[in-house]
Amino acid sequence: MLERGFAEFVLFVTCFAVLAIFTPPLLLPTSAPIWIFLLLESILLGVAMDLAQLLTAAVSPERDLPKLDHPVPEPSVAVLFLVCDDVVPEALAALGHQTHPRTDLFVLDDSGDRRVQALVDAAPFRVVRRLDRTGNKAGNINHWLRLHGGRYDYFLVLDSDSIVSDDFVEQLLRYAEHPSNRDVAVFNSLPVCWNTASPFPRLAAICTPIHNWMRLRLANRLPSIFSTGHNNLHRTLAVLAVGGFDERFVAEDIALTLRLIRGGYTSRLVNLTAGEAEPEHVFSHVRRLERWAAQTIEILRADWRSVSLVLRYQMFRQTWFYLMFFFYPLTALLAAWGMRSTAPHPGTLSSSAIAFAVLIASIPLIPALLKIPLALSLGISVADYAKSRILWASIAWYAMLSVCAAQLVAAMDGTFAFAVTDKRKRGIHLTTIVAHHWHLIPFWLFLAAGFYRNTAHPLSSVVWLTFGCIAPLLVYWFHGTTREAGDVAQ
Amino acid sequence: MNELPPEPVWKRYVANIGTGSLIGAVAPAVPTAFRIGFGVTALVCLVIDSQWFRRRLKTIAQTVSEFVRHFWWLLLVLLAITGTGGAVWRHFGNRSTPKSIVDARTNVLQIQRSLTGKDIRTLWVLSKDARPTDRVYARGWEPVVVEHRADPSRLKTYLSKGKVVAEDVPGSPSGFIRKYYRGKCMFASDYFDSEGRFVLLEYDENCNGKLVVIGSESPSFFPPFPVFSYH
């Protein structure tokens, strides 16, 4: 009996086999060095993963969990609002309106900033603080579990930027109390970005409906999904039965999922949306990206026994996504320093050579292009979709070195410091964008030195080279007219 | 407990430099000279700051082994597919195989007989259009010196010194040396003549160092790496 969700994996292997076997002979001359072949295969691997996900979703109907058709007033629920120097006033103000009668609200405040503490204290909610920040978010929730966990059937984890509907708990309980869902320990919701007034977060999150569309079709075909870490309802008994959250890892959500799987429980997706904020500026965005990349590497050290192959494949996808950040600087270094050339004779530089270079650079665009009809059907305009893709690619070029460094540190140090995502707005200038990642300057200078002795290559790499060079400018441009905004959350 | 004592901050910097150097030393993108430099730096750092360095190396080795342990079955599948893709690429890929051998032969000096049996260490390329400072490289070979202006008398001098000499087509704008992996074809030099025709000179090691002209072709399909030498 094949595991649930095996189809996506089979399709991935098929897609990769087709692409990996047929593309190089068509695109690469055999005289090309082996590293160009390997880089092409790496790109194709990512493309195959995307294609497999998209195609599987396209032929799969939505799969929601069964739920009761009436409210369930009996269970007691604790709503945990986690803060760590990053309070978002809009989210704090939206708390406390849940329609479920037996709901208690706790603010788990790990803040060291007095101003944030005062803001939290001023809100009419029960605040729980601890003496230190041991175990980061996992430690904070475990602290609450030790103090109050036994009194609640469920607890809902909200981050400081979470905004959920008033009947969110009530709706989640309809899923949680359904007899078919007894083994489900975590009920995850679909994210929706609420801070869309600023262009940067709006564009960064423009593809969220596409991801949600695919997740609704794929997630519940898997034996379990990884907990999303926030905006999700936890079955208290199940979490306590597996020893609470694992404090050794920053990715407490994945670590908890692994524990739950070993304990015979699952984590599932439900067709409910919950609001969250995208970072307001690129600095915060990159910081979050670095943390996610590092914690993905760190979680590899967790105990993965009993985890099914298809779930491991999902983890591999996630890991590969971050590992691909090494692809950017590596390709650039290899292109600049991996070969030597003299300027080509004008007669030898044919238009087909340029077309070929554009073709290779376009391979990663295949899944993106295939998603355009889906984007249109979900109400996303082509212009917005294109801008969003360009923004993400620009951020990848802009943040490549720091994301790689974060992963290396996580791989080498064993532990790394937890960095809370900055939720504030701040003034954005082109100079600050460049200065913030100043290490790109010596990197590009080093590349320029390589290209000086490799004169012909910039011509065949003109697409990505140009894109990489202007990435900071594009990032600046995508901040739009609000880029001069001050720190409004101070 | 065998806890390591705390170390001063400067040692962390040394460890960072050492780790970075080690990565640089094994990175395929880095030229050999840099790699040697990086490697030496890493060794120095290893001596100066062994604790930090060893700890980091151990941790990264653990991370990599965990990665392999979790995904070994998937990595095997990917490796098999990539290997098949590589074999197909090498076998069926575009080798820019010349179609008109005769044309090329008329354009290139016939030197095969002179080179038979030579101990080849350096390949000298005589190019009428190349700049005296041009150098091209090939994997496992000494730098190839491109001589300005081919001269038959000098050619004989080089041959008498045991050099392998190749001369490209008259009017060729630039040349490059490539290493081939398939079959007997081990070493080649590609040129474009003044009319933009692609000319390939191949050195076949199994034929006792013959330089074999295999022809030219119209650049209807232009290879994406037209004038590079790889190292």
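Biologist: In which helix of chain A does Leu203(A) lie?
Modeller: This is a predicted model. Look for the helix that covers residues 199-204 of chain A. Leu203(A) lies in that one, helix α7.

Biologist: Is Leu203(A) buried or exposed?
Modeller: Buried means under 20% relative accessible area. Leu203(A) has 4% relative accessibility. Therefore Leu203(A) counts as buried.

Biologist: Which residues is Leu203(A) in contact with, leaving aside its neighbours within four places in sequence?
Modeller: Set aside the neighbours within four places in sequence. The contacts of Leu203(A) are then Asp384(A), Lys387(A), Ser388(A), Leu391(A) and Phe478(A).

Biologist: What separates the C-alpha atoms of Leu203(A) and Ala118(A)?
Modeller: Along the chain, these two are 85 residues apart. In space, their C-alpha atoms are separated by 33 Å.

Biologist: Where is His178(A)?
Modeller: Chain A has a helix α6 at 168-176 and a strand β5 at 184-193. His178(A) sits between them, in the loop.

Biologist: Is His178(A) buried or exposed?
Modeller: The cut-off for buried is under 20% relative accessible area. His178(A) has 16%, so the label is buried.

Biologist: Which residue has its backbone nitrogen 3.0 Å from a polar atom of the side chain of His178(A)?
Modeller: A polar contact needs a pair of N or O atoms within 3.5 Å. Here the distance is 3.0 Å, and the backbone nitrogen belongs to Ser180(A).

Biologist: How many residues of α12(A) are buried?
Modeller: Helix α12 of chain A runs over residues 309-323 and has 15 residues. Among the buried ones are Val310(A), Tyr313(A), Phe316(A) and Trp320(A). The helix is largely enclosed by the rest of the structure, because the buried count is 11 of the 15.

Biologist: Which helix of chain B helps cover the buried residues of α12(A)?
Modeller: The cover includes α1, α2, α10, α11 and α17 of chain A. Chain B adds to that cover with α3 (50-92).

Biologist: At what angle do α1 and α2 of chain B pack?
Modeller: Two packed helices are described by the angle between their axes and the distance between the axes. For α1 (residues 9-26) and α2 (residues 32-48) of chain B, the axes are 7 Å apart. The crossing is left-handed. The angle is about 145 degrees.

Biologist: How many nonpolar residues are in the contact of α1(B) with α2(B)?
Modeller: α1(B) brings residues including Trp10(B), Val14(B) and Ile17(B), and α2(B) brings Phe38(B) and Ala42(B) among others. The contact also has 5 polar and 2 charged residues. The nonpolar count is 9.

Methods. Residues are numbered from 1 along each chain as its sequence is written. Chains are lettered from A and ligands numbered from 1 in the order in which they are written. This is a predicted model: local features need pLDDT of at least 70, side-chain atom pairs count only at pLDDT 80 or more; totals for chains, interfaces and linings use all residues. Side-chain values use heavy atoms; hydrogens and water are left out. Axes are lines fitted to C-alpha atoms, for helices over the stretch in contact, and angles run from 0 to 180 degrees between N-to-C directions. Helices (H or I, at least four residues) and strands (E, at least two) are DSSP runs, numbered from the N terminus. A crossing is left-handed if the near helix is turned anticlockwise from the far one by less than a right angle, and right-handed if clockwise. Contact means heavy atoms within 4.5 Å. Ala, Val, Leu, Ile, Met, Phe, Trp, Tyr, Cys and Pro count as nonpolar, Asp, Glu, Lys and Arg as charged, and the others, Gly among them, as polar. The expected span of a helix is 1.5 Å times one less than its number of residues. Buried means under 20% relative accessible area, exposed over 50%, partly exposed in between (1.4 Å probe, protein chains only). A polar contact is a pair of N or O atoms within 3.5 Å; within protein, one must be able to donate a hydrogen and the other to accept it, and residues adjacent in sequence count only if both atoms are side-chain atoms.
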